[in-house]
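Please look at the sequence and the structure shown here, and keep both at hand while reading the report that follows.

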Amino acid sequence: MATGKINVSVENIFPLIKKFLYSDHEIFLRELISNATDATLKLKHLSSIGEAKVKYDNPLIEIKVDKDKKRIRIIDQGIGMTEEEVKKYINEVAFSGAEEFLDKYKDAGKDAGIIGHFGLGFYSAFMVAEKVEIITKSFKDEPAVHWVCDGSPEFTLKEAKKKDRGTEIVLHVAEDSTEFLEDSKIRELLTKYNKFMPIPIKFGTKTETLPKPEDAKEEDPAPTQEVDDIINNPEPAWTKKPADLKDEDYNSFYRELYPMQFEEPLFNIHLNVDYPFNLTGILYFPKLTNDLNIQKDRIQLYQNQVFVTDNVEGIVPEFLTMLRGVIDSPDIPLNVSRSYLQADGAVKKISSYISKKVADKLSSLFKSNREDFEQKWNDIKVVIEYGMLSEDKFFEKSDKFALYPTVDGKFFTFEELQNTLKDNQTDKDGKLVVLYASDKEAQHSYIEATKAKGYEVLLMDSPIISHLMQKLETSKENLSFARVDADHLDNLIKKEDTTISKLSDEEKDSLKADLEKVITDKGYTIQMEAMDSSASPFIITEPEFMRRMKEMQQTGGGGGMFGMGNMPEMYNLIVNTNHELVGEILSTKTAKKRERLINQSLDLARLSKGLLKGEELTNFISRSYEMIK
């Protein structure tokens, strides 16, 4: 038997490991299973090229917990180690790596980052164990060895009786880590970190129900058998070729990733690239709500099938963090800060690749089945509009598939929209005016008036639409968007011909003075307009620019510089000087009747705008009944 001292200058390296990495101590199991996986895959490679004269068969990794003896065992059937290799890889490499890690990061305290990102994860065992044993036998024809270390730099190394190839790590769990002796805790960690590891992981057994024999009676119980409980799927869908997968395989994998999601995804995008970096994965478009905040942290990041994090910001373009799925890449430098990640050239390439791949897939889906794409538009538009806003290259590509739906359920691409509207909705200055509604019910009367003129009305109701319209107006020539209630229709699309007013300028001034006496609410700017006599007498509009700036500030950015978040609501009250009722208000001799006509007309306009509520609505209804008695 040999004894020795690990060659490190930091005498108390083990307490340091525990102290500085305590916040991440649960990852010890992930690290030890990753090592076992590497050892098994190395054996597979060596046997495939004839360097290891052993049968590879179907090896697995087994986890055993002995609560009474306070032990956790991780057993693999991999490459194993000789005595020399234990001395080299455990006593020298692992612990010099641990020391280097601590020298670099001990001042950073608990924010140092996850230990396993450094690829020298063996020493994470000492985060939960007071003593660690390694019993290992190499695939080479050499004796098995037994290494023991009790958490000090002292170790012992002796020959072992182990007959089977592979390595067994025995953790003697410390008093402050006994939670890891609970089967439920180990199962939770295996499911979290090792669910898709490439080697089967056994954790106990489970009872499996077998089919009943043909001659069995109905009341006879079905036979059962005990089988290995394999907790992982070693061949998840993203590791396979797209050609080998059907729609049901993708949907089945989605349910495996998100067992509590009961809706099927709308479609998926299979990522697979090996140059200039390695990346595989599957992204799913789920049905999305209009709430942008609850969607994030659904994409899982793996490194060689080992779970790392579900915070993929900086790796996946921000607009795609609302999707779900898996990305697996060995090329992402995980041992650095997130700010470094966002500036890293390789990560930027990965991010732009994913963005391009998503744009290409959307374009292809649109071309191959436009009708289906239109049906799904409402569920995916938030992601696409967010992408158009935040990524210039995605914005350029979006012309092929971004849709602009109308209130009547038609869908246009931008080019189709231009061609459809240009003859009818170009104003006297040559600008194309796109009219839209954000709420079909609330803006119904405005929509109907607009359609009566033969104009198309888009339905644009996502939470970031004000930002997107601003971007489109600055990116495309001679284009403006106007909500149908932003002004009188003739003002929204100004043509050369103007309607002549039935009232003289003096009569208009007199009428305006009468209105201002009755309408004392400072939120209304009264405008006299000569309109078609069939148009409403009073119309309430909201100026497009002011309203849009407020909306943009509420969803972040845009109007913030104007300080409009706390501004009172501002409306225009447009009075149709050609309407019969307006003429009657002007010619009424008694002030009381004039006031009643003005208030009733104003309240009707407010009602059509959805502004009449509470006590005012009650009073309006009561007053209306009085008028029709």
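## Two nonpolar cores

In this predicted model, the largest nonpolar core holds 61 residues, and those that touch the most other members are Ile 63, Ile 72, Ile 74, Trp 147 and Leu 171. The element that gives the most to this core is helix 2, which spans residues 28-48 and supplies 8 residues. A second core, separate from the largest one, has 60 residues, among them Val 273, Met 322, Ala 359 and Met 388. In soluble globular proteins, nonpolar side chains tend to be buried together.

Leu 171 can be followed in more detail, setting aside its neighbours within four places in sequence. Among the residues in contact with Leu 171 are Phe 28 and Leu 32, together with Ile 72, Ile 74, Ala 125, Val 128, Ala 129 and Val 132. The list of contacts also includes Lys 70, Arg 71 and Lys 131.

## Strand 11 and its two partners

Why is strand 11 largely enclosed by the rest of the structure? Strand 11 covers residues 279-285, and 6 of its 7 residues are buried, so the strand is largely enclosed by what surrounds it in the structure; buried here means under 20% relative accessible area.

Strand 11 pairs with strand 10 (residues 267-273) in the antiparallel sense over 7 bridges, and Phe 267 stands opposite Phe 285 of strand 11. The connection from strand 10 to strand 11 is a hairpin of 5 residues. Strand 11 also pairs in the antiparallel sense with strand 14 (residues 324-328), this time over 5 bridges, and there Tyr 284 has Arg 324 of strand 14 as its bridge partner.

## The hairpin of strands 5 and 6

Strand 5 (residues 144-149) and strand 6 (residues 154-160) run antiparallel and are joined by 6 bridges, with Cys 149 standing opposite Phe 155 of strand 6. Between the two strands of this hairpin lie 4 residues, and Gly 151 takes a positive phi near 90°.

## A parallel sheet and a helix across it

An open sheet is built from 3 strands in the order 18-17-19, and their pairing is parallel. Strand 18 (458-459) and strand 19 (479-483) are the edge strands, each of which pairs on one side only. Strand 17 (residues 432-437) runs parallel to strand 18 and is joined to it by 2 bridges, and the bridge partner of Ala 437 in strand 18 is Leu 459.

Helix 10, made of residues 414-421, lies across strand 17, strand 18 and strand 19, and the helix runs at about 110° to strand 17.

Technical notes. Residues are numbered from 1 along each chain as its sequence is written. This is a predicted model: local features need pLDDT of at least 70, side-chain atom pairs count only at pLDDT 80 or more; totals for chains, interfaces and linings use all residues. Side-chain values use heavy atoms; hydrogens and water are left out. Buried means under 20% relative accessible area, exposed over 50%, partly exposed in between (1.4 Å probe, protein chains only). Two strands pair if DSSP finds at least two bridges between them. A nonpolar core is a set of buried Ala, Val, Leu, Ile, Met, Phe, Trp, Tyr and Cys residues joined through side-chain atoms within 4.5 Å. Contact means heavy atoms within 4.5 Å. Axes are lines fitted to C-alpha atoms, for helices over the stretch in contact, and angles run from 0 to 180 degrees between N-to-C directions.
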